[in-house]
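Visitor: Got a minute to walk me through this one? I'd like to start with how the helices pack.

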Amino acid sequence: MGKLTGKKVAIITENGFEEVELTKPKEALEKEGAEVHIVSPQKDKVRSWDSTDWGKEFNVDKPLEAADADDYDAVVVPGGVINPDHLRRSEQAIQFIASFFEAGKPVAAICHGPQVLIETGKLKGRNVTSFFSIKTDLINAGANWSDQECVVDQGLVTSRNPDDLPAFNKKVIEEILEGKHEGQKA
């Protein structure tokens, strides 16, 4: 029995996510006993990006159209350049993620993943980090950006790149253990 036994976490993704930014958080969460679902607008499979080329395919556990944020304790958004660009075009994906903010549940995004969070309209005044190339986008959305391996703000967990995965995974687990965060709702 891990610390997260009985908890469910959604990893929302499209094709083109950075492979380790899905696999490493999923492994860390499952090691602690969480049930982790890959949720996607794609119905059957999603394909990763592995550093410089297309990577492996992964089964979609729950198509986005059948997913309900109320069934999950947290959501994780992996990065990669392609994934966030596709996710932020999906109103259903944006509403799914926004539901976690509104319920005070942990939201985690790494690398380019915070690009998707911009579309929720929930970043104004929030402390974040990301891959450096989207710094200006986050600042323009009203976020307070800083260059740190992991930034936590009332249930919102962000990191810069795959090198930060150990710190990111640790903080995601901590925030899920803490439960709902009233500051996340603001």
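Guide: Sure, and keep in mind that this is a predicted model. Helix H1 (residues 20–31) packs against helix H6 (residues 165–178) at an angle of about 45 degrees, and their axes are 10 Å apart.

Visitor: How do H1 and H6 count in terms of orientation, then?

Guide: Angles under 35 degrees count as roughly parallel and 65 to 115 as roughly perpendicular, so H1 and H6 are oblique to each other.

Visitor: And is the crossing of H1 and H6 left-handed or right-handed?

Guide: The H1 and H6 crossing is right-handed.

Visitor: Which residues make the contact?

Guide: From H1 you have Val 20, Glu 21, Lys 24, Pro 25, Ala 28 and Leu 29. On the H6 side they are Leu 165, Phe 168, Asn 169, Val 172, Ile 173 and Ile 176.

Visitor: How many of those are nonpolar, polar and charged?

Guide: The contact of H1 with H6 has nine nonpolar residues, one polar and two charged.

Visitor: OK, sheets now. What's the strand order in the open sheet of seven strands?

Guide: The order is S6-S3-S1-S7-S8-S12-S11, and the pairing is mixed.

Visitor: Which strands stand at the edges there?

Guide: Those are S6 (62–63) and S11 (150–153). Each has a single partner strand, so one side of each has no neighbour in the sheet.

Visitor: What joins S6 to S3?

Guide: Two bridges connect S3 (residues 35–40) with S6, and the two strands run parallel. Ser 40 stands opposite Pro 63 of S6.

Visitor: Which strands of that sheet does H1 touch?

Guide: H1 packs on the sheet and touches S1 (8–12), S3, S7 (74–77) and S8 (107–110). The direction of H1 makes about 150 degrees with that of S3.

Visitor: Switching topic: where is Glu 149 found?

Guide: Glu 149 is in the loop between S10 (144–145) and S11.

Visitor: How much of Glu 149 is accessible?

Guide: The relative accessible area of Glu 149 is 43%, so this residue is partly exposed.

Visitor: And what is Glu 149 in contact with, leaving aside neighbours within four places in sequence?

Guide: Its contacts are Thr 158, Ser 159, Arg 160, Asp 164 and Ala 167. As for Leu 123, Glu 149 is 26 residues from it in sequence and 18 Å from it in space, C-alpha to C-alpha.

Visitor: Back to sheets for a sec. What about the open sheet of three strands?

Guide: That sheet has the order S2-S4-S5, again with mixed pairing. S2 (17–18) and S5 (53–59) are the edge strands, and each pairs on one side only.

Visitor: How many bridges join S2 to S4?

Guide: Two, and S2 runs parallel to S4 (residues 45–50). Glu 18 stands opposite Trp 49 in S4.

Visitor: Last topic, backbone oddities. What is the phi of Ser 51?

Guide: Ser 51 isn't a glycine, but its phi is positive, about 65 degrees. Most residues other than glycine have a negative phi. Ser 51 sits in the loop between S4 and S5.

Visitor: And what about Cys 111?

Guide: Cys 111 also has a positive phi, about 65 degrees, without being a glycine. You'll find Cys 111 in the loop between S8 and helix H4 (114–118).

Visitor: Ser 51 and Cys 111: buried or exposed?

Guide: Ser 51 has a relative accessible area of 54%, so Ser 51 is exposed. Cys 111 has 7% relative accessibility and so counts as buried.

Notes
Residues are numbered from 1 along each chain as its sequence is written. This is a predicted model: local features need pLDDT of at least 70, side-chain atom pairs count only at pLDDT 80 or more; totals for chains, interfaces and linings use all residues. Side-chain values use heavy atoms; hydrogens and water are left out. Axes are lines fitted to C-alpha atoms, for helices over the stretch in contact, and angles run from 0 to 180 degrees between N-to-C directions. Helices (H or I, at least four residues) and strands (E, at least two) are DSSP runs, numbered from the N terminus. Angles under 35 degrees count as roughly parallel, over 145 as roughly antiparallel, 65 to 115 as roughly perpendicular and the rest as oblique. A crossing is left-handed if the near helix is turned anticlockwise from the far one by less than a right angle, and right-handed if clockwise. Contact means heavy atoms within 4.5 Å. Ala, Val, Leu, Ile, Met, Phe, Trp, Tyr, Cys and Pro count as nonpolar, Asp, Glu, Lys and Arg as charged, and the others, Gly among them, as polar. Two strands pair if DSSP finds at least two bridges between them. Buried means under 20% relative accessible area, exposed over 50%, partly exposed in between (1.4 Å probe, protein chains only).
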